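I wanted to go through this chain one element at a time and keep a record of each thing I looked up. The sequence and the model come before the entries.

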Amino acid sequence: MAICRSSHSPHNGLWDFSFRKPEFCSRVRADHSLRGHLVKNAKSDADRISEHFRRLKDLLDIEAEEEKRRFEENLDDEQSTKSGVSLRSLEILEENAGLGGRHVLVLKKIGRGALPFTTLDSGSPVFLSYDQGAKKSLARGVVKERTELTIHVVFDEPPVDSEEALPLRIDLAFDESSRKRERHALDKAMKADKDRLAELRDILLGAKAPRFENQTAGTFEALDPGLNEEQRGAVSHALRSQDVAIIHGPPGTGKTTTLVEIIRQTVRRGERVLITAPSNLGVDNMIQKLVAVGEKVVRIGHPARVMPELHPYTLDQQVEKHEDARLARKMQKEAAGLFRLAHRYTRSPPPKGMKANLFQEARALINDARQLESRAIDRVLDSASIVAATLSGTDSFVLSRRRFDLVVIDEAGQSTEPASWIPLLKSNRLILAGDHQQLPPTVLSREALEGGYAKSMMERLNAIDSGLITKRLNMQYRMHEAIMNFSSGEFYDKGLIAFEGVKSRLLNDLSGFKALQLGEGDHPIDFVDTAGAGYEEEVESDSGSRLNRQEANFVGRKIDVLLAAGLRGEDIAVISPYSAQVRLLRERFADPTLEIDTIDGFQGREKEAVIITLVRSNDDQEIGFLKETRRMNVAMTRAKRYLLIIGDSATLSSDPFFQRMISYMEEIGAYRSIWELAPELMES
């Protein structure tokens, strides 16, 4: 789809024609009046807006079908266990009470030993059933946490009699609710007429120009004295916006710090803010920052998907403290007793009308309890200036009648566009924040991917904005300048600037670090080329993911050197694009302080030293999803003082991006061949 960039100043209004055809663009450029353009092309704009939403809905359906197909592939017992979406032969280790009257089962493998390979983790929706005969679901729950030996699952009600010794199983549950919410949001936005949603829609799709108040409206007294001038400018920009603003935050530039200031300033103007992000972790990270500076937040969402330290801020726990909620719980217990009493009349008939009366009384108690609980929820939310939820969670029933002066979507570059429309149903103004040059939305369907489904709303708007709505932060406070420069050139037009205090810092500058080998700690980057050394990749049989045992051995040697030199385990991260390599490394290293994760899992994090094991090494020069260069941008911008990349240049150099990366390493003297290293590091 062609992009039309206006040659006019953004203040003339022609800023977004991303969905227009080239011949239409030429007509627009000939008309210097936005007002005239809107009048002459009103019908055309309406048609194109409808076309935009129909295309998004088609792509949404294609992606949903692929999700369902992959889920159904794993339905048979053998495949579901192999792929990690089922855990079988489980027994109850213990039962606990959870938040909001929920029930927690702690499950373990029958007998001794660790849980087998599984992809089930915190937040996964699951079905519990007996592990015998036909699978019949006992209850639907959510995984709260997983350890090496146990998995904790939260249920709304006790799902099974713990005295029964029958083996249990849990299976990943297919969840269509998010897709339904996205489709509903797209339908509402497409059909909106003469209301605020219609205005925002037209602005976000280029039919109307975004508006900003004068400079005075952006004046503020900073609550955070540590903001730099660039961050202050971004805060002012957001406060002046009457419709939409984008805060583009490359790695280490203080995007979250800037957002916190924007939110706090908005609240002090007497307005209400809805904070949201595609992931629970993204929402919780923002809440942590706000809570740290004394802000009160209400977190919407299942407590099992919320960080334990943030449970006091969940709606569930805040409602539980309310007198109406305590009375509602008492009524619910009384109703449960009446239901049990009514069901006892099975062998001998009760007095006439007794059973019906018991059921009627129990139902009346439940209805009264629901009204009390609803009143308690309303009172908590009525007093909240800041509410937080995932994008899908903003469609929660408890928020159904509420509107917010400002909606902030963090990690906006990781959200598909349909998901970003969900909170817009409740929004008067919008801020998109994130970095579209880091990880894009996860898309399973190749057809949907090729159709543009992975392009976020933020990326789409940024591509055609000439600076009217977007403010990019360029001063970064994380990395040595040499670590920063490659990504700055590849992804940010060489615009990033290293803060004076970080631009030249090395491991040698850390207190307690003492290099035991010549040259250790006195340079910021190493690229170790394993070409020709027989460091061949393998495919993990259970998952189909890839691993490289020789690279893992080399990583171990390097970690030993860093630890021996005085670097703490908590200051080191080892990351890889492949989950199989992560599992292999976790098995090999017993140090619990050492962080080992996938690149995707480590986005937003940082360490003094980061080791990247790229895994791919094959005769066919296949690099798989390493072709998504934004994943490498994330990986290469996590280290503060030292970055080590291990990879096979013969395989990697099939891709132009990696050709440029290897050339950069050579230019700065960071290239090392495995054959040139000390013998003790050569062993595999």
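The entries below follow the order in which I looked things up, and I kept in mind throughout that this is a predicted model.

Entry one, a single threonine. I began with Thr266, which I found in helix H8, the helix that spans residues 255-268. Is Thr266 buried or exposed? Its relative accessibility is 2%, and because buried means under 20%, I entered Thr266 as buried. I then looked up what Thr266 touches, leaving out residues up to four places away in sequence, and the list reads Leu239, Glu271, Val273, Leu406 and Arg429.

Entry two, a covered strand. I turned next to strand S2, residues 103-109, and noted that six of its seven residues are buried, so that the strand is mostly covered. Which way do S2 and strand S5 pair? I found that S2 pairs with S5, residues 150-155, in the antiparallel sense, and that the pairing extends over six bridges. Within this pair I located His103, which stands opposite Phe155 in S5.

Entry three, the seven-stranded sheet. I traced an open sheet of seven strands in the order S9-S10-S8-S11-S12-S7-S13, and the pairing in it is parallel. Its edge strands are S9, at 298-299, and S13, at 470-472, each of which pairs on one side only. At the S9 edge I looked up the link to strand S10, residues 386-390, and found two bridges joining these parallel strands; for Arg299, the bridge partner in S10 is Ala388. I also noted helix H9, residues 280-292, which lies across S8 (273-277), S9 and S10 and runs at about 160 degrees to S10.

Entry four, the six-stranded sheet. I then followed an open sheet of six strands, ordered S20-S19-S21-S22-S16-S23 and again listed with parallel pairing. Which strands form its edges? They are S20, at 595-598, and S23, at 671-673, and each pairs on one side only. Neighbouring strands of this sheet are turned by 20 degrees against each other on average, with direction ignored.

Entry five, the S23 edge. I looked up how strand S16, residues 525-529, meets S23, and found parallel pairing over three bridges, with Arg672 in S23 as the bridge partner of Val528. My last note concerns helix H21, residues 656-667, which lies across S16, S22 (639-647) and S23, and which runs at about 120 degrees to S16.

Terms used
Residues are numbered from 1 along each chain as its sequence is written. This is a predicted model: local features need pLDDT of at least 70, side-chain atom pairs count only at pLDDT 80 or more; totals for chains, interfaces and linings use all residues. Side-chain values use heavy atoms; hydrogens and water are left out. Buried means under 20% relative accessible area, exposed over 50%, partly exposed in between (1.4 Å probe, protein chains only). Contact means heavy atoms within 4.5 Å. Two strands pair if DSSP finds at least two bridges between them. Axes are lines fitted to C-alpha atoms, for helices over the stretch in contact, and angles run from 0 to 180 degrees between N-to-C directions.
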